[in-house]
Amino acid sequence: MSEFTLDFSTRTGSMASKCIPMDLFLHVSLAPSVCIVALLSFLQRREKSHPFEGRFPYLQGRFGIVVPLDFLGSMSNRWSYGFAFGAVTPSVLLLFSESYTPFPVPPWARAFVYLVGALEVGVAYLPFFLCLSTPHRALGGVLGLLYTVAWLTVRLYEVITCPEGEVLGDYQKVITQWPCFLCLGFLVGRFIAMLVKDVRIRLQYQNEQQVEEEKLYQSNQYKYVQTLLRRPPEQSVKKSWFRRNVYDWDPYFKFPNRMIGTSVICLIGLYTMTLADYSLSGYIYQKLLTVIDSLEDLAKSSNNTENLLISLLPHISEFSHVAWKTWFATTLFATLTSVTYTFHVLACYRKHMKRLWAGKKNFLPEKYHKPSSAVSVAAITRYSGWQIAFTLWGYLIVHFVQNMFALLFVYLVVLPIQKNGFLPWFSSLAILLLTIFIVVALVVVQVVMVRFFFLQDKFSPDDKEKPLALNNRRAFNNFTYFFFFYNVIMGLSNCILRLLNSCIVGTWLVPRIDRTIMQRGYEAMDPGYCTWVGMIIADHHHSNPALVCFCHLLLKHTLRRTQAVNAYAPFDNAEFPGVSRVRTRWLLLYTLLRNPKIILLRKRHHSNNLHSNQDPLTIARVIMMSSQLEKNQRIQQHNDDVATIG
C-alpha cells in the first residue's frame, strides 16, 4: 500500500533515478533544523537559573525550553498551525504506512525503528512550528521563511524533474502533492506577514504587551462571558436555511490549534488515500484480467470439454467485473462519509465543550464525570495521532462495508432483473416482503392488543398514554402463555438481526472517535472513546472562558496593587532617615482607609475607648458608617470588573 500512498513513481524502475528522494532531503534537513532550534532556544530565557551559570554571565538563563505550539488553550495562529500540519502530512502518511525505516534492523526491533523515524520527522518539521510560536517575530519570520522556501524548492524540483507516473499519467506528482504545495505557499506568505507586522509595531513604537492585551479583550472568550452577563434577547434571531439544517456557527467559539491541525491532516490524508485506493484497485483489476485471460487460453488448449475450469471462468469474469465496478462506485461514497465524519467530529467537540461549560455532564458515562487527571492530560497527547489513524483506517473499513452492500445489491437486484426480467424478481421480492410483513404485523398485534385490552383506562382525557396498570389479568396470562412459543421462534431471527446491526453500526462508526461502539457499562473497553472523553475534560478545565476571564482579571488587579505599592519603593533608601517609619505609617493609613472596620479592632483604639467610656451610640454610628463605606467600595469594585470585561 505504501508504494501507492505517497509517491507512485519514485520506487518503480529507472524512473526513481531521475528524482530526488524525499527521504534523503529529510535526513539532510536535520542539520539546519537543529541549528534553528538551538538559536531560538538561546534567545529563550529561563525563569530559574542554576548556580553554576554564574561563571558565564552572558549565558545565564539562556537556552530555555522552546514550545512548538500550545496544545491546550492557544487560539492564535490557528490556521497557520493548520497549514503547518498540512505541510507535514506526506511524512505523516509515510509513517502511517510503516514503510519509513531509517536503517535496517531485525524484525523484533522494528517498533524502536518506528519510534526513531517518528522522532526524526518531528525534528525535521519542528522549525515550522517554532518560528510561528516564538515571541521573537522578526527572527522567527526570517528563519521560517528561509526554511519553508527550501522545502518548497526541493518539492517543486522533484515535481518538475519527474512529474509522470505509471498510474495517473504525466501529471501524477502534481495531482498527489498539490495540497502540500498549497500549505507551504501559505506558510511563506504567513512568515512574510509576520515580518511586516513586526516592522510596523517597531516603527509605531507600540508596546507588544498592549497589542496582546487588546487581542485578549477582543477574543471569543471575553465575548462569550459578555453574553453570559447580558440579558437574553426577547426575540430570537431568524436563522438561514443553512444554519438551521446544515451547520450553525457560533461567533463566540473557536476550535483550538490541535483540532484544526488534526482536521487538516485528516482531509489531506483522505485525499491521498482515495488516490491510492483508486490506483491500487485499478492495478489489481488489470492483473486479475490478465490472469483470467491466461486461464481462458489454458482452458481452450485443453481437450477435456467437461473441465470444471471452463464452467467457472464466466462466473469468475463476471464477479471480477462486478467487484471492480462496485468498488469504484463506493470509493466516492466512502470518501464523502469520511469527510463528513471529520467535520462532524468538530461539531461534536463544540457541542460537548459548550455542555461542559454549562455544567451538564449527563451525556458522559457516570464513571467519567471525575476522571483521573493523568489520564485526561495523556488523552490530549494521544488524541491527534489516534484521530488521524482512526480516520484513515476507518475509510478503508467503511469502504469495504459499503462495497459488500453494493455487491449484495447487484447480485440480489440488478443481475436477477437483467437475466430473468422484472416480474419474476418482483414476485420473489413480494413473497419475501409478505413474510417480513407478517412477522412485523404479529409483533405490532401484541402491542395493540395490550394497549386496548390489557391496560386500564386513562385517568384524564388529556393524558397521552394509558397508565402502567394491568386490566383483565387472567386473559393477559393466557395471552402471554400462547405467545410464549411463537416468541421463541421469533427470538432466533431477532438474535441474528441484533448481531448484524451491532456489526454494521460498529464498523460504520469506527472513524467516529467521539462516540463509543461498546454497550453502556463497557465504554472503558473502547480506547478511542476514552481518549475523546479525557481530552474534552482536560480542555474544559484549561480553557473554560469564565475561568480564563476570572484569572485574567485577578492577575490584572494584583498587578495594579503591586505597582501601587512599588510606587513608593524609591523612597526606601538609607539616605533618607526614618523612611521606613514613614512608609509603614502610609501603608497603615491606606489599609485603614480601605478597611474601616479594622479601626475598632486596633489595640490603641480599644484602650482609648476603655479610658474615655465613649457612648455606645457613637460606637454604633462608627460601625454603621464603616459598613456603609465597605459596601460602597464593593459596589465600585464590581462596576470596575464589569467595565473591564465589557
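**Salt bridges and a positive surface patch**

With a relative accessibility of 5%, D514 counts as buried in this predicted model. The partner of D514 in a salt bridge is R512, the closest N and O atoms of the pair being 2.9 Å apart, and R512 likewise counts as buried, at 8% relative accessibility. Side chains of opposite charge can pair when their charged atoms come close, and three salt bridges are held in the structure.

Another of these salt bridges joins R258 to D539, with 2.2 Å between the closest N and O atoms. Because R258 is located in helix α11 (residues 257–301) and D539 in helix α16 (residues 527–542), this pair ties together parts that are 281 residues apart in sequence. R258 is buried, its relative accessible area being 1%, and D539 is also buried, with a relative accessible area of 1%.

A salt bridge is also formed between the side chains of E318 and K419, at an N to O distance of 3.5 Å. Since E318 belongs to helix α12 and K419 to helix α13 (residues 373–420), the pair ties together parts that are 101 residues apart in sequence. Here E318 is partly exposed, with a relative accessible area of 24%, whereas K419 is exposed, with a relative accessible area of 59%.

Turning to the surface, K351, R355, K360 and R515 form a positive patch. Of these residues, K351 is found in helix α12, which spans residues 308–357, and K351 counts as partly exposed, at 40% relative accessibility.

Notes
Residues numbered from 1 in each chain as written. Predicted model: local features only at pLDDT ≥ 70, side-chain atom pairs only at ≥ 80, totals over all residues. Heavy atoms only, no water. Patch = residues over 30% accessible without salt bridge, like charges linked within 9 Å, V, L, I, M, F, W, Y side chains within 5 Å. Areas by Shrake-Rupley, 256 points an atom, 1.4 Å probe, with all protein chains shown as cover. Salt bridge = Lys/Arg side-chain N within 4 Å of Asp/Glu carboxyl O. Lys, Arg positive; Asp, Glu negative; His and termini not counted. Charge placed at Lys NZ, Arg CZ, Asp CG, Glu CD. Helix = DSSP H or I, 4+ residues; strand = E, 2+ residues; numbered from the N terminus. Buried < 20%, exposed > 50% of the residue type's maximum accessible area, 1.4 Å probe, protein only.
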